[in-house]
Amino acid sequence: MLIERGSASIIAEFTRRSSYASGKRVEVRQGDTILRGTTAGLNDAGFLVVRKDDGSDEIIFAGGVRAAGPGCR
C-alpha cells in the first residue's frame, strides 16, 4: 500500500478504521501532565492531533491516550 499509494493512503485507512482518530473525548498522560481534549485526526506524519478545550491543537508524539471519564469536560 505504501509503495503503490503513498503514506497518505495509510493515514486515511487508519483514520477510517479507528474509533479514536477523530471526535473522541480523551485524556493524554504525558509524565506528570494530563492533556484533555477531542481527537482531531492525524497529521501528515501520522501523529494524533488533539484539539484542546481552548481550541488549540496539540500533536501527540508520546503518551498514554485514553477515553476521558464521565464528567470530564
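Me: Strands here are DSSP runs of at least two residues, numbered from the N terminus. Which strand does Leu42 lie in?

Reply: Leu42 lies in strand E2. Keep in mind that this is a predicted model.

Me: Noted. Is Leu42 buried, partly exposed or exposed?

Reply: Partly exposed. Its relative accessible area is 21%, and buried means under 20%, so Leu42 falls outside the buried class.

Me: What is Leu42 in contact with, leaving aside neighbours within four places in sequence?

Reply: On the N-terminal side, Ile11, Phe14 and Thr15. Further along the chain, Phe47, Leu48 and Val49.

Me: And how far apart are Leu42 and Ile60 in space?

Reply: 9.4 Å, C-alpha to C-alpha. In sequence they are 18 residues apart.

Me: Next residue, Asn43. Where is Asn43 found?

Reply: In the loop between strand E2 (33–42) and strand E3 (48–52).

Me: What does the side chain of Asn43 reach?

Reply: The backbone nitrogen of Ala45, at 3.0 Å. Asn43 also touches Ile11, Val49 and Ile59, with residues up to four places away in sequence not counted. Ile11 and Val49 are on the contact list of Leu42 too.

Me: Ala45, then. Buried or exposed?

Reply: Exposed, because its relative accessible area is 57% and the exposed class starts over 50%. Ala45 has its place in the loop between E2 and E3.

Me: How far are the C-alpha atoms of Ala45 and Ser7 separated?

Reply: By 8.3 Å. Along the chain they are 38 residues apart.

Me: Zooming out. How many helices and strands are there?

Reply: Two helices and five strands. In sequence order the pattern is α-α-β-β-β-β-β.

Me: How do E1 and E2 pair?

Reply: Antiparallel, over seven bridges. Ser22, for one, stands opposite Ala40 in E2. The two strands form a hairpin with two residues between them. Gly31 in that turn has a positive phi of about 65 degrees.

Me: How about E2 and E3?

Reply: Antiparallel, with four bridges. Gly37 has Lys52 in E3 as its bridge partner. Here the hairpin has five residues between the strands. Gly46 sits in the turn with a positive phi of about 95 degrees.

Me: And which way do E3 and E4 run?

Reply: Antiparallel, with four bridges joining E3 to strand E4 (residues 57–60). Leu48 is bridged to Ile60 in E4. This pair is a hairpin with four residues between the strands. Gly55 in the turn has a positive phi of about 95 degrees.

Me: Core next. Which residues make up the largest nonpolar core?

Reply: Six residues: Val26, Val28, Leu35, Leu48, Val50 and Ile60. Strand E1 (22–30) and E3 each supply at least two of them.

Me: Val26 and Val28 are both in that list. Any general background on side chains in strands?

Reply: In a regular strand, side chains alternate between the two faces of the sheet. And in soluble globular proteins, nonpolar side chains tend to be buried together.

Me: What does Val26 touch, not counting residues up to four places away in sequence?

Reply: Tyr20, Leu35, Arg36, Gly37, Thr39 and Val50, plus Val65, Arg66, Ala67 and Ala68. Leu35 and Val50 are core members as well.

Me: What share of the chain is buried?

Reply: 22% of the 73 residues. The chain exposes about 5100 Å², and carbon and sulfur atoms supply 50% of that.

Me: How much of the contact set is between residues 24 or more positions apart?

Reply: 36% of the contacts with a separation of 6 or more.

Me: Last topic, confidence. What is the mean pLDDT of the chain?

Reply: 85, and 89% of the residues reach 70 or more.

Me: Which elements have the lowest and highest mean pLDDT?

Reply: Helix H1 (residues 2–5) is lowest, at 70. E3 is highest, at 95. E3 is also the strand that pairs with both E2 and E4.

Methods
Residues are numbered from 1 along each chain as its sequence is written. This is a predicted model: local features need pLDDT of at least 70, side-chain atom pairs count only at pLDDT 80 or more; totals for chains, interfaces and linings use all residues. Side-chain values use heavy atoms; hydrogens and water are left out. A polar contact is a pair of N or O atoms within 3.5 Å; within protein, one must be able to donate a hydrogen and the other to accept it, and residues adjacent in sequence count only if both atoms are side-chain atoms. Contact means heavy atoms within 4.5 Å. Buried means under 20% relative accessible area, exposed over 50%, partly exposed in between (1.4 Å probe, protein chains only). Accessible areas come from the Shrake-Rupley method with a 1.4 Å probe; for residues, only the protein chains shown count as cover. pLDDT is the predictor's confidence in each residue, from 0 to 100. Two strands pair if DSSP finds at least two bridges between them. A nonpolar core is a set of buried Ala, Val, Leu, Ile, Met, Phe, Trp, Tyr and Cys residues joined through side-chain atoms within 4.5 Å.
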